[in-house]
Amino acid sequence: MKKVIKRIFLGVFALMIFALGAGIIPSYYFLEVSDYEFENEKIQESVKLVQLSDIHNAEFGKENQRLLKKLKECEPDLIFITGDLINSDENEISPMLDLVKKLREIEPIYFSLGNHEIEYEKRTGIDLTEKLEKAGAKVLEEKFVDVTVKGQKFRIGGLYTVYIPEDYEVHE
């Protein structure tokens, strides 16, 4: 009887580990592309935007080659990175900056800081905005830029703090 209970316990434990791994592990290694189409009478010609979010230091192939290839296949007109490219407890940020440099070779990049970037800055005292802009991204935090894409004018803005309460870190 003890052997049966032990096997059941081990089976349930293995199933839980598999279920957990099936959700978390793939998120670090597999790329997912979702396409959305929006129509607006003010937009006369199609514009392709790519948004990257919540990468959290994951690498997709050596030096992110799979990510870069997939992004090029999308043929974007603009690239948005909407936070959490790193983890807040990270010490080495050069892979993130290298990725930004490579993405900038494809199209312009507009970066909005996420909570992990802001927590990283608080922890280290390092100005990520300065480093990201040197790498080629336009960091938008409580500001906007006007751009022209395919002869059409767009206003792009970034605002992190509007969704986070002032005492965010207390209620984490």
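At 47% relative accessibility, Glu 73 counts as partly exposed. Its salt-bridge partner is Lys 69, which is exposed at a relative accessible area of 55%. This is a predicted model. The structure holds 5 salt bridges, and a search of the whole structure finds 1 aromatic pair. The largest nonpolar core has 30 residues.

**Salt bridges**

- Side chains of opposite charge can pair when their charged atoms come close.
- Glu 73 and Lys 69 meet through their side chains, at 3.6 Å from N to O.
- Both residues lie in helix 2. They sit 4 residues apart, which is about one turn of the helix.
- Lys 150 forms a salt bridge with Asp 77. The closest N and O atoms are 3.6 Å apart.
- This pair links distant parts of the chain, 73 residues apart. Lys 150 is in the loop between strand 5 (143–149) and strand 6, while Asp 77 is in the loop between helix 2 and strand 2.
- Lys 150 counts as partly exposed, at 40% relative accessibility. Asp 77 counts as buried, because its value of 17% falls under the 20% cut-off.
- Another salt bridge joins the side chains of Glu 63 and Lys 102, with 3.4 Å from N to O.
- Glu 63 lies in the loop between strand 1 (49–52) and helix 2 (65–74), and Lys 102 lies in helix 3 (residues 94–104), so the pair ties together parts that are 39 residues apart in sequence.
- Glu 63 is partly exposed at 47% relative accessibility. Lys 102 is also partly exposed, at 24%.

**Helix 2 and its two sides**

- Leu 67, Leu 68 and Leu 71 are buried in helix 2.
- These leucines lie on the same side of helix 2, because they cover an arc of only 95° around the axis.
- Lys 69 and Lys 72 are exposed on the other side of helix 2.
- The buried residues of helix 2 pack against strand 1, strand 2 and helix 3.
- Glu 75 comes just after helix 2 and takes a positive phi of about 50°.

**Nonpolar cores**

- In soluble globular proteins, nonpolar side chains tend to be buried together.
- Within the largest core, the residues with the most contacts are Ile 81, Leu 85, Met 96, Val 100, Leu 103, Phe 111 and Leu 132.
- Several elements give two or more residues to this core. The helices are helix 2, helix 3, helix 4 (115–124) and helix 5 (128–135). The strands are strand 1, strand 2, strand 3 and strand 4 (137–139).
- Helix 3 supplies the largest share of this core, with 5 residues.
- Leu 85 touches Ile 55, His 56, Asn 57, Met 96, Leu 99, Val 100, Phe 111 and Glu 117, leaving aside residues up to four places away in sequence.
- A second, separate core has 8 residues. Among them are Tyr 110, Leu 140, Val 149 and Ile 156.

**The aromatic pair**

- Phe 80 and Tyr 110 form an aromatic pair. The ring centres are 6.2 Å apart.
- The pair is edge-to-face, because the planes are 65° apart and the cut-off for this class is over 60 degrees.
- Phe 80 lies in strand 2 (residues 78–81) and Tyr 110 in strand 3 (residues 109–111), so the pair ties together parts that are 30 residues apart in sequence.
- Phe 80 counts as buried at 19% relative accessibility. Tyr 110 is buried too, at 11%.

**Gln 152**

- Gln 152 lies in strand 6 (residues 152–158).
- At 9% relative accessibility, this glutamine counts as buried.
- A polar atom of the Gln 152 side chain lies 3.0 Å from the backbone oxygen of Glu 45.
- Gln 152 also touches other residues, not counting those up to four places away in sequence. Including Glu 45, the list is Lys 42, Ile 43, Gln 44, Glu 45, Val 47 and Val 147.

Note on methods. Residues are numbered from 1 along each chain as its sequence is written. This is a predicted model: local features need pLDDT of at least 70, side-chain atom pairs count only at pLDDT 80 or more; totals for chains, interfaces and linings use all residues. Side-chain values use heavy atoms; hydrogens and water are left out. Rings of Phe, Tyr and Trp (its six-membered ring) pair if their centres lie within 6.5 Å; planes under 30 degrees apart count as stacked, over 60 as edge-to-face and the rest as tilted. Buried means under 20% relative accessible area, exposed over 50%, partly exposed in between (1.4 Å probe, protein chains only). A polar contact is a pair of N or O atoms within 3.5 Å; within protein, one must be able to donate a hydrogen and the other to accept it, and residues adjacent in sequence count only if both atoms are side-chain atoms. Contact means heavy atoms within 4.5 Å. A salt bridge is a side-chain nitrogen of Lys or Arg within 4 Å of a carboxyl oxygen of Asp or Glu. The arc is that of the directions from the helix axis to the C-beta atoms. A nonpolar core is a set of buried Ala, Val, Leu, Ile, Met, Phe, Trp, Tyr and Cys residues joined through side-chain atoms within 4.5 Å.
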